[in-house]
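Trainee: I am new to this one. Could you take a close look at a single chain with me, from its charged pairs to the places where it meets its neighbours?

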4 protein chains.
Amino acid sequence: MHHVDVFRIPCRSPGDTSGLEALVAAGRIVPSEIVAVMGKTEGNGCVNDYTREYATNMLTACLGRHLGLAPEAVAQRIAFVMSGGTEGVLSPHQTVFVRRPARGASGAKRLTLGIAFTRDFRPEEIGRRAQIDETAAAVQQAMRDAGIASPEDLHFVQVKCPLLTADRIAAARARGCEPVTADTYESMAYSRGASSLGIAVATGEVPLAACTDDAVLHDWRLASSVASASAGIELMHNVVIAIGMSAQASSELVVAHDVMADAIDAEAVRRTLAALGLQGAQDLDRIVNVFCKAEASPDGQVRGMRHTMLGDSDIHSTRHARAVTGAVVASVAGHGMVYVSGGAEHQGPAGGGPIAVIARA
Amino acid sequence: MHHVDVFRIPCRSPGDTSGLEALVAAGRIVPSEIVAVMGKTEGNGCVNDYTREYATNMLTACLGRHLGLAPEAVAQRIAFVMSGGTEGVLSPHQTVFVRRPARGASGAKRLTLGIAFTRDFRPEEIGRRAQIDETAAAVQQAMRDAGIASPEDLHFVQVKCPLLTADRIAAARARGCEPVTADTYESMAYSRGASSLGIAVATGEVPLAACTDDAVLHDWRLASSVASASAGIELMHNVVIAIGMSAQASSELVVAHDVMADAIDAEAVRRTLAALGLQGAQDLDRIVNVFCKAEASPDGQVRGMRHTMLGDSDIHSTRHARAVTGAVVASVAGHGMVYVSGGAEHQGPAGGGPIAVIARA
Amino acid sequence: MHHVDVFRIPCRSPGDTSGLEALVAAGRIVPSEIVAVMGKTEGNGCVNDYTREYATNMLTACLGRHLGLAPEAVAQRIAFVMSGGTEGVLSPHQTVFVRRPARGASGAKRLTLGIAFTRDFRPEEIGRRAQIDETAAAVQQAMRDAGIASPEDLHFVQVKCPLLTADRIAAARARGCEPVTADTYESMAYSRGASSLGIAVATGEVPLAACTDDAVLHDWRLASSVASASAGIELMHNVVIAIGMSAQASSELVVAHDVMADAIDAEAVRRTLAALGLQGAQDLDRIVNVFCKAEASPDGQVRGMRHTMLGDSDIHSTRHARAVTGAVVASVAGHGMVYVSGGAEHQGPAGGGPIAVIARA
Amino acid sequence: MHHVDVFRIPCRSPGDTSGLEALVAAGRIVPSEIVAVMGKTEGNGCVNDYTREYATNMLTACLGRHLGLAPEAVAQRIAFVMSGGTEGVLSPHQTVFVRRPARGASGAKRLTLGIAFTRDFRPEEIGRRAQIDETAAAVQQAMRDAGIASPEDLHFVQVKCPLLTADRIAAARARGCEPVTADTYESMAYSRGASSLGIAVATGEVPLAACTDDAVLHDWRLASSVASASAGIELMHNVVIAIGMSAQASSELVVAHDVMADAIDAEAVRRTLAALGLQGAQDLDRIVNVFCKAEASPDGQVRGMRHTMLGDSDIHSTRHARAVTGAVVASVAGHGMVYVSGGAEHQGPAGGGPIAVIARA
């Protein structure tokens with residue numbers, strides 16, 4: 001079994017690897033033990049956000065030097081999930097997960113994680129059943145990799161998934177295949193939605209039979225309470241990170257999760273902290289990071305009041321939603337260096353989303 | 001003395017006056033008693049936000065019909081303050097203040113308000129001492145109009161102030177006068193800043209001698225804890241609304257204020273509610289409205305973590321700030337139909353801003 | 001038959017009617033003779049562009065005063081088509097079409113125009129066959145109103161059509177009907193597309209049988225070379241303006257049209273001017289206005305080079321396209337006070353669009 | 001003397017070096033002969049545009065592998081100028097300049113170029129006299145490096161210059177120094193302006209004595225007709241590329257330049273092509289690339305018509321200007337894979353800018 005440690009590293013720009021380099025130089029992070037990196041980068045988090053692939057490219061180059069590997073080989077052994085968009089008080093940073101053999105179980109359940117990758121998707125598979133199926137299989141593989149025995153011990157599943165570009169749409173059509181949408185921004189929602197249904201199938205929250213192509217982005221009753229999906233231009237497959245607990249794990253960290261009922265559900269943030277025994281301001285420095293999803297409620301209202309996010313043609317709704325939930329989480333957790341990702345389709349209830357906190361035990 | 005009542009009316013679009021019309025038709029609002037209207041509209045809240053003047057024009061036309069006055073005459077007797085920008089969960093609405101003779105004082109201090117207008121400014125006066133001086137005088141006039149005896153009873157001063165456009169800059173230069181800035185967006189900050197220093201002079205929080213041209217947007221130690229200023233393209237003078245309490249007033253409403261130390265200071269929101277005796281979820285429906293200011297901290301950090309709002313060339317920082325503080329206030333007050341305005345220069349501490357709550361006693 | 005005159009009036013803001021008022025005061029425009037107004041306003045031209053309804057509301061109020069009519073009655077007798085978005089060098093203005101009985105035909109074909117309105121659409125009808133059918137009928141009615149005998153004499157058909165909002169989508173779903181899309185920005189394209197197919201049916205360019213629901217935004221071979229459609233939030237029906245020529249008309253103006261093959265087809269602009277006998281710089285002041293459509297080529301390329309407009313999540317592609325074609329037209333016609341509207345689905349070839357010029361004979 | 005060759009390479013993303021790699025693999029480009037790379041990248045071209053440093057980092061890594069050098073060493077021997085913003089029809093690409101010893105002069109003047117670097121600037125030097133002085137010296141050094149004997153043979157000077165960020169402003173203030181502006185977007189204009197005045201001093205177009213701090217961005221009579229400056233977040237010094245002609249050079253290429261009087265001056269584009277003997281459509285494939293600058297006219301008008309670019313708080317004026325001039329150049333030169341850079345302060349007349357064309361002789 002695993003001993004997992006987690007480092008949150010501030011970044012000065014999307015390409016900044018100096019914080020990681022310093023921890024490696026200090027011997028606190030051993031590059032060969034890195035399993036996953038989740039980052040928040042400065043871009044718009046939408047289609048033309050190149051800060052995600054910029055960050056990934058700089059990380060694979062940096063780690064490739066330490067590991068003696070080509071960048072492509074690095075990307076095949078470490079799960080990189082860069083989420084664009086640091087609207088409002090969100091602060092760019094990277095969360096580095098390292099894993100080594102367990103030192104002997106602590107007796108209590110402790111943090112563990114595993115990763116998996118799907119095959120590359122064809123453009124016309126994105127947002128449809130093929131992506132659901134492959135993701136479900138990859139989640140189960142990542143759970144096995146983590147040593148997470150049952151869905152009860154699974155607290156957060158992060159997926160990085162592809163999006164459609166004009167080029168990819170044209171390529172599909174040239175082969176006579178019509179993608180799920182011709183709108184590149186909307187394709188992000190489809191990809192996140194199908195990936196999240198894949199997670200829900202793996203956890204047993206949703207039966208596979210319900211996951212038809214038509215259900216994606218339509219049947220909001222289908223959802224996972226531990227799913228978090230981010231789409232990006234920089235890949236054509238899904239990357240899966242399964243985060244949970246195991247009594248065999250020897251980490252000094254623990255994780256808990258809950259569900260925000262809407263984008264301003266501060267009470268859910270407090271409940272999640274409380275589940276880890278964090279009660280007041282004095283306990284906040286035990287938090288390693290908060291991970292959550294945000295979206296503009298698809299019915300156009302938050303607690304009965306009309307919002308304007310869905311009709312805003314200057315700022316996409318995912319950007320608004322990150323600003324909102326990032327601010328709410330920051331107001332409870334103490335600051336904005338947290339992982340809040342936009343677009344919560346089939347991730348928690350419509351308008352809300354899952355939240356997880358990793359903290360020192 | 002006055003009896004003041006306050007109505008919060010949802011709007012379906014910036015030009016929607018149907019809610020106001022319905023309250024007039026029902027006899028709940030008497031048009032001749034309306035003293036001020038403060039609105040949140042759907043625009044970007046920046047230079048090219050025409051939703052503010054659209055809302056004002058529809059209101060003056062609507063009330064002009066009821067009052068038998070030309071729209072221009074309506075704008076001279078009622079203070080209209082439209083604040084653009086409903087980012088995140090903020091919900092478009094109007095707050096209508098009506099005033100009639102007091103029915104006999106209640107014994108306790110109750111809500112009152114007064115209004116005043118400055119003369120029109122020349123473009124080169126905006127953001128400079130002339131605007132400070134005229135605003136200070138107008139605030140004192142509005143306090144007298146309200147029957148607010150001393151600054152201790154003053155809880156919120158709302159100013160609507162002009163901004164520079166390319167036309168206005170060119171007109172000043174044609175006369176040989178250089179405006180304070182040639183950047184139209186930045187002129188909004190200068191206008192809000194000088195107006196807020198005028199408020200601070202009127203309340204005695206800042207000595208007049210400190211308010212040099214150079215101090216505007218530079219000496220952040222100079223600030224008012226009750227100032228709220230919004231700039232707009234639709235006027236060339238300042239409109240002032242003074243909101244406070246008086247033992248001679250007979251309103252069934254009360255007001256309290258506090259200062260948010262930063263954009264995510266949920267504790268200040270709770271303190272303000274507590275000052276009015278509002279303690280838990282069951283008391284939230286006594287809130288009539290919350291009024292507060294938001295800004296991106298000018299030092300580039302919130303609680304020690306870097307934010308990216310000041311370097312974002314896609315979304316102006318005032319838009320980010322409204323999304324953040326609107327979400328934090330909504331997470332405490334229960335929903336987003338609140339008045340959160342962006343750009344808090346010299347309004348509370350750098351990065352924070354004043355907050356006021358009007359509630360049923 | 002008709003005698004038509006056309007006035008191009010600069011606007012200082014979306015609500016500015018002073019230019020129109022001045023022409024009325026000078027006796028040059030008789031309000032009761034106004035048939036149509038086409039405007040370019042400062043907004044984003046997308047979903048949350050309230051400058052269109054602001055301009056329309058100020059015009060109906062202004063003309064209502066002159067005509068002794070309620071604003072709603074004005075909107076029923078005059079066709080108002082406000083097109084948002086003055087990106088780049090485009091300059092906000094209004095084109096006012098007035099019509100009185102012909103003074104006796106000139107012998108040569110001269111400008112004429114007619115208008116018509118469809119019924120209100122239900123949200124689920126937008127972008128589908130019902131909108132195509134109703135538009136086709138309205139175009140034929142507008143041609144009869146204009147006295148345009150055959151499609152050969154029809155040079156430009158302007159349609160203003162509705163879009164979907166979160167409210168409208170929710171209303172349709174509450175009745176069990178699914179709109180053509182849940183993406184409000186995309187609904188503008190569907191509405192423009194179906195309206196343009198309606199025009200193509202009316203002109204005989206496309207057989208009605210080809211206009212299935214599935215053809216809208218998919219079969220780009222179906223198009224009209226005289227169609228121009230703009231979507232807006234301010235209406236639920238289609239407004240149609242048919243512009244053409246008649247030997248019975250007595251106008252001093254003429255109109256010609258052509259088709260831009262792509263967004264930078266300056267040669268098509270020159271051809272259209274040449275068709276009216278306008279050859280060099282000295283003839284440009286005979287132009288009354290240029291009307292054309294612009295779009296980002298849906299295949300992601302312009303003349304073989306990749307463009308980035310379709311993947312830009314900060315600036316919608318219709319905004320880019322207006323900036324491009326507006327600049328190209330201005331570089332030929334001499335300045336940017338021209339009517340360039342974005343979104344040319346089924347209006348000319350994919351990536352291009354119709355262009356028409358009205359000039360003094 | 002030099003033999004210079006120039007390659008225009010399409011890019012699929014800001015980090016795409018595959019086109020360059022292919023030319024190296026084919027032996028057409030020898031990495032050690034590369035002197036400069038000028039690129040157009042997909043970003044917003046404003047403060048938070050990381051596509052510029054992303055492209056530069058990928059290029060230095062790529063060339064470092066070929067040259068056996070660290071990326072930092074590559075950046076010290078090759079001038080990289082990445083210009084963000086491909087609005088409208090502009091197409092992302094890189095122009096690679098290679099230089100080897102002349103094969104013997106052709107007899108006629110042919111293309112040559114040279115480069116130079118200034119020292120790093122302190123934040124408070126940006127936009128002020130120190131930047132002017134250092135740039136002027138570097139331009140003269142680059143001319144010597146190019147073998148350009150006199151300013152008459154100098155046709156285009158490209159400068160890449162730094163901008164202010166919140167961090168850099170704070171650092172200056174911590175040392176008691178006030179930068180020229182606290183607005184990060186505006187700092188780009190100051191940096192371009194001072195750099196361009198430095199070019200004007202080097203060419204003799206402007207006397208050094210006129211270049212006071214106050215003249216920058218104020219005295220628009222001071223300008224260079226060959227200056228092109230782009231600001232970026234990725235450096236703190238100025239990079240200078242001097243492009244001109246020499247009778248000693250043996251290139252098969254030639255260069256000419258002219259000045260666009262305003263953003264839609266298609267005639268200037270045609271004049272520049274004509275100066276190289278390019279007359280009609282059949283000659284366009286002799287063009288290697290077009291280089292020009294664009295800006296929104298600071299007086300708010302283009303050819304007497306009001307534009308809205310300076311008051312647009314959703315899209316910065318440099319973005320509008322690139323879309324406009326890119327479209328006009330593309331309409332003449334045949335497509336949008338050209339180098340059009342925004343912000344033409346002191347670069348040609350107010351509202352216009354220099355244009356240069358490199359073509360096969």
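**A close look at chain A**

Mentor: Happy to! Over all chains, the structure holds 96 salt bridges. Please keep in mind that this is a predicted model.

Let's begin inside the chain. A:Glu234 and A:Lys160 form a salt bridge, with their closest N and O atoms 3.6 Å apart. A:Glu234 sits in the loop between S7 and strand S8 (239–246) of chain A, while A:Lys160 belongs to strand S6 (residues 154–162) of chain A, so the pair ties together parts that are 74 residues apart in sequence. Which partner is buried and which is partly exposed? A:Lys160 counts as buried because its relative accessibility is 1%, whereas A:Glu234, at 24%, counts as partly exposed.

Another salt bridge joins the side chains of A:Arg271 and A:Asp258, at 3.0 Å from N to O. A:Arg271 lies in helix H7 of chain A and A:Asp258 in strand S9 (residues 253–260) of chain A, so this pair ties together parts that are 13 residues apart in sequence. With a relative accessibility of 37%, A:Arg271 counts as partly exposed. You can also look for a network of salt bridges that links A:Arg119, A:Arg122, A:Glu124, A:Glu125, A:Glu134 and A:Arg175.

Now for the annotated positions. An unreviewed UniProt entry gives the feature "binding site" for A:Arg52, A:Ser83, A:Gly84, A:Arg192, A:Ser230, A:Ala231, A:Arg322, A:Ser341 and A:Gly342. Take A:Ser230, which is found in strand S7 (residues 227–232) of chain A. A:Ser230 counts as buried because its relative accessibility is 4%. Beyond its sequence neighbours up to four places away, A:Ser230 touches several residues, among them A:Ser83, A:Arg192 and A:Ser341. A:Lys160, which we met in a salt bridge with A:Glu234, is also one of the residues that A:Ser230 touches.

A:Gly342, in strand S13 of chain A, is another position to find. At 5% relative accessibility, A:Gly342 counts as buried. Setting aside neighbours within four places in sequence, A:Gly342 is in contact with A:Arg192, A:Ala229, A:Lys293, A:Ala294, A:Thr318 and A:Arg322.

A further "binding site" feature in UniProt, also from an unreviewed entry, is placed at A:Glu295, A:Ala344, A:Gln347, A:Gly348, A:Pro349 and A:Gly352. These positions are spread over 58 residues of sequence, yet they cluster in space, with a largest C-alpha distance of 10.3 Å. A:Ala344 lies in the loop between strand S13 (339–342) and strand S14 (353–360) of chain A, and A:Gly352 lies in the loop between S13 and S14 of chain A too. A:Ala344 has 0% relative accessibility and therefore counts as buried; A:Gly352, at 2%, also counts as buried. Apart from neighbours within four places in sequence, the contacts of A:Ala344 are A:Lys293, A:Ala294, A:Glu295 and A:Gly352. With the corresponding neighbours left out, A:Gly352 touches residues including A:Met260, A:Asp262, A:Glu295 and A:Gln347.

Next, turn to where chain A meets chain B. How many residues does each chain bring to the contact? Chain A gives 35 residues and chain B gives 35 residues. About 2,700 Å² is buried between chain A and chain B, and carbon and sulfur atoms give 61% of that area. A:Val89, A:Met305 and A:Arg306 supply 22% of the area that chain A buries against chain B, more than any other three residues. There are 4 salt bridges between these chains. In a salt bridge you can look up, B:Arg306 meets A:Glu42 at 2.6 Å, N to O. Between chain A and chain B there are also 12 residue pairs in polar contact. Helix H7 (266–275), strand S12 (305–306) and helix H8 (317–333) of chain A are the elements that give two or more residues to the side of chain A that touches chain B. H8(A) gives the most to that side, with 8 residues. By class, the same side of chain A has 16 nonpolar, 10 polar and 9 charged residues.

Finally, look at chain C, which meets chain A through 19 residues of its own and 17 residues from chain A. Chain C and chain A bury about 1,600 Å² between them, with 39% of it on carbon and sulfur atoms. Their interface holds 2 salt bridges. C:Arg319 forms a salt bridge with A:Asp314, where the closest N and O atoms are 3.8 Å apart.

Key: Residues numbered from 1 in each chain as written. Chains lettered and ligands numbered in written order. Predicted model: local features only at pLDDT ≥ 70, side-chain atom pairs only at ≥ 80, totals over all residues. Heavy atoms only, no water. Contact = heavy atoms within 4.5 Å. Buried area = accessible area lost by both parts, 1.4 Å probe. Polar contact = N/O pair within 3.5 Å; in protein donor to acceptor, adjacent residues only side chain to side chain. Helix = DSSP H or I, 4+ residues; strand = E, 2+ residues; numbered from the N terminus. Nonpolar A, V, L, I, M, F, W, Y, C, P; charged D, E, K, R; others polar. UniProt positions renumbered as here; feature names shortened; annotations may be inferred. Buried < 20%, exposed > 50% of the residue type's maximum accessible area, 1.4 Å probe, protein only.
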